[in-house]
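Student: Could you take me through one helix of this model closely, and then show me how the parts around it are held together? I would like a connected account rather than a list.

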Amino acid sequence: MTISMLISVAFYTILERKILSYMQIRKGPNKVGFLGILQPFSDALKLFNKNLSNLEMANILLSMSMPALTLFISILIIPIINFNNFSMYDNKHNILLFFIISSMSVYSILMIGWSTNSKYSNLGSIRSVAQMISYEVSFFMMLLFISIMSFSYSFYEMMMSQNFLIFFLGNIILFMMWITSCLAETNRAPFDFAESESELVSGFNIEYMGGWFALIFLAEYMSMIILSMITTIMFFSFPKMLISPLILVLITIILLWVRATYPRFRYDLLMNLSWKLFLPTSLFIIILSMNL
């Protein structure tokens with residue numbers, strides 16, 4: 001299953017490049033293989049064959065291991081997700097396990113920026129961690145609200161509780177807040193402040209090249225696919241039907257569509273959106289659901 005997820009990440013990158021190119025009225029990758037279908041594999045070969053150079057002041061052990069740890073944390077989430085009645089590791093509290101594992105990604109990003117001993121990567125990691133921590137609070141509150149509605153901490157029970165009515169129909173505003181939080185959590189446009197080229201050159205991964213950069217890149221796109229799967233389970237679970245995979249593909253395309261449509265936010269507006277709107281709203285619906 002992990003290998004299939006890595007392959008899906010490879011094709012997800014070419015899907016993004018195709019969607020962005022057609023929205024900008026151009027072709028996109030179309031030379032390598034049939035209609036450019038082998039482009040992600042040629043990019044991977046190019047990145048992993050590049051020579052790696054270490055900074056003199058960098059912590060070699062940490063700077064080399066942290067990109068792999070970032071990808072490993074994303075891979076750890078895959079077995080606990082019960083999608084389409086299949087899970088490698090299913091228990092009654094896998095939502096809580098998802099909370100724990102996904103929170104660990106903050107530490108890997110912080111260590112990536114700190115271990116290189118570069119002020120630019122350190123500044124980029126601090127900005128990224130502040131952004132992720134701000135949105136993780138309301139992010140988990142929204143997932144907790146859906147778990148309260150399903151009376152369970154299990155993804156499987158969350159799917160089964162939508163037999164008669166999907167949760168999206170009564171929680172459209174919550175769904176929009178959730179999608180926005182997913183974009184902010186994965187550092188995606190229009191909240192991609194980790195990659196503000198005019199300010200930080202490339203953010204926390206500025207000193208990484210070749211295979212190290214590819215591992216960070218894979219972790220980001222794998223997180224997008226995983227969050228799309230969780231979104232489908234939370235709001236659009238149709239048990240014993242094949243429509244859920246189609247909705248999963250639609251949500252992954254929406255995450256790419258947003259990048260092609262909206263310009264980048266200001267950083268202070270992003271923080272105001274989290275602390276002054278999303279957090280009070282998510283706290284209110286949690287308190288309301290517990291009192292009903």
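**A kinked helix and its surroundings**

Tutor: In this predicted model, helix α12 bends by about 35° at Phe-278, shortly before the proline Pro-280. The end-to-end span of the helix can be checked against its length: at 1.5 Å a residue, the 25 residues of α12, which run from 267 to 291, should span 36 Å, and the C-alpha atoms at its two ends are 35 Å apart, which agrees. Phe-278, where the kink lies, is also one of the buried residues of α12, and the others in that set are Leu-270, Met-271, Leu-273, Ser-274, Leu-279, Ser-282, Ile-285, Ile-286 and Ser-289. The partners against which these buried residues pack are α6, residues 119–150, and α8, residues 172–185.

How far the coordinates can be trusted comes next. Of the residues in the protein, 93% reach a pLDDT of 70 or more, and the mean is 86. Helix α8, one of the two packing partners of α12, has the highest confidence, at a mean of 91, whereas confidence is lowest in helix α9, residues 197–200, at 58. Where pLDDT is low, the predicted coordinates should not be read in detail.

From the packing of the helix we can turn to the nonpolar interior. The largest nonpolar core has 64 residues, and Phe-98 and Trp-178 are those with the most contacts inside it. Helix α10, residues 210–235, gives the most to this core, with 14 residues. If residues up to four places away in sequence are left out, Phe-98 touches Ile-77, Ile-80, Phe-139, Leu-143, Phe-155, Leu-227 and Ile-230. Apart from this core lies another, of 11 residues, which include Ile-112, Val-129, Met-132 and Ala-194. As background, nonpolar side chains in soluble globular proteins tend to be buried together.

The loop between α8 and α9 deserves a separate look, and its backbone is the place to begin. Pro-190 is found in this loop, and the peptide bond that joins Ala-189 to Pro-190 is cis, with omega about 5°. Asn-187 has its place in the loop between α8 and α9 as well, and although Asn-187 is not a glycine, its phi is positive, at about 60°. Most residues other than glycine have a negative phi, and most peptide bonds are trans. With a relative accessibility of 8%, Asn-187 counts as buried, because the cut-off for that class is under 20%. Ile-25 likewise has a positive phi, near 60°, without being a glycine, but Ile-25 lies in the loop between α1, residues 2–23, and α2, residues 39–48, and its relative accessibility of 79% makes it exposed.

The charged pairs complete the picture. A search of the whole structure finds six salt bridges. In one of them the side chains of Arg-259 and Glu-16 meet, at 2.5 Å from N to O; this pair links distant parts of the chain, with Arg-259 in helix α11, residues 243–261, and Glu-16 in helix α1, 243 residues apart. The two partners differ in their exposure, since Arg-259 counts as partly exposed at 35% relative accessibility, while Glu-16 is buried, with a relative accessible area of 3%. Another salt bridge joins the side chains of Asp-43 and Arg-17, at 2.9 Å from N to O, and this pair too links distant parts of the chain, Asp-43 in helix α2 and Arg-17 in helix α1, 26 residues apart. Both partners are partly exposed, Asp-43 at 23% relative accessibility and Arg-17 at 37%.

A further pair returns us to the loop between α8 and α9. Arg-264 forms a salt bridge with Asp-192, and the closest N and O atoms are 2.9 Å apart. Because Arg-264 lies in the loop between α11 and α12, and Asp-192 in the loop between α8 and α9, the pair ties together parts that are 72 residues apart in sequence. Arg-264 is partly exposed, with a relative accessible area of 39%, whereas Asp-192 counts as buried at 10% relative accessibility. Finally, salt bridges that share partners join Glu-16, Arg-188, Glu-220 and Arg-259 into one network.

Terms used
Residues numbered from 1 in each chain as written. Predicted model: local features only at pLDDT ≥ 70, side-chain atom pairs only at ≥ 80, totals over all residues. Heavy atoms only, no water. Helix = DSSP H or I, 4+ residues; strand = E, 2+ residues; numbered from the N terminus. Expected span 1.5 Å × (residues − 1). Bend = angle between axes of the 7 residues up to and from the residue. Buried < 20%, exposed > 50% of the residue type's maximum accessible area, 1.4 Å probe, protein only. Contact = heavy atoms within 4.5 Å. pLDDT = per-residue confidence, 0-100. Core = buried A, V, L, I, M, F, W, Y, C linked by side-chain atoms within 4.5 Å. Salt bridge = Lys/Arg side-chain N within 4 Å of Asp/Glu carboxyl O.
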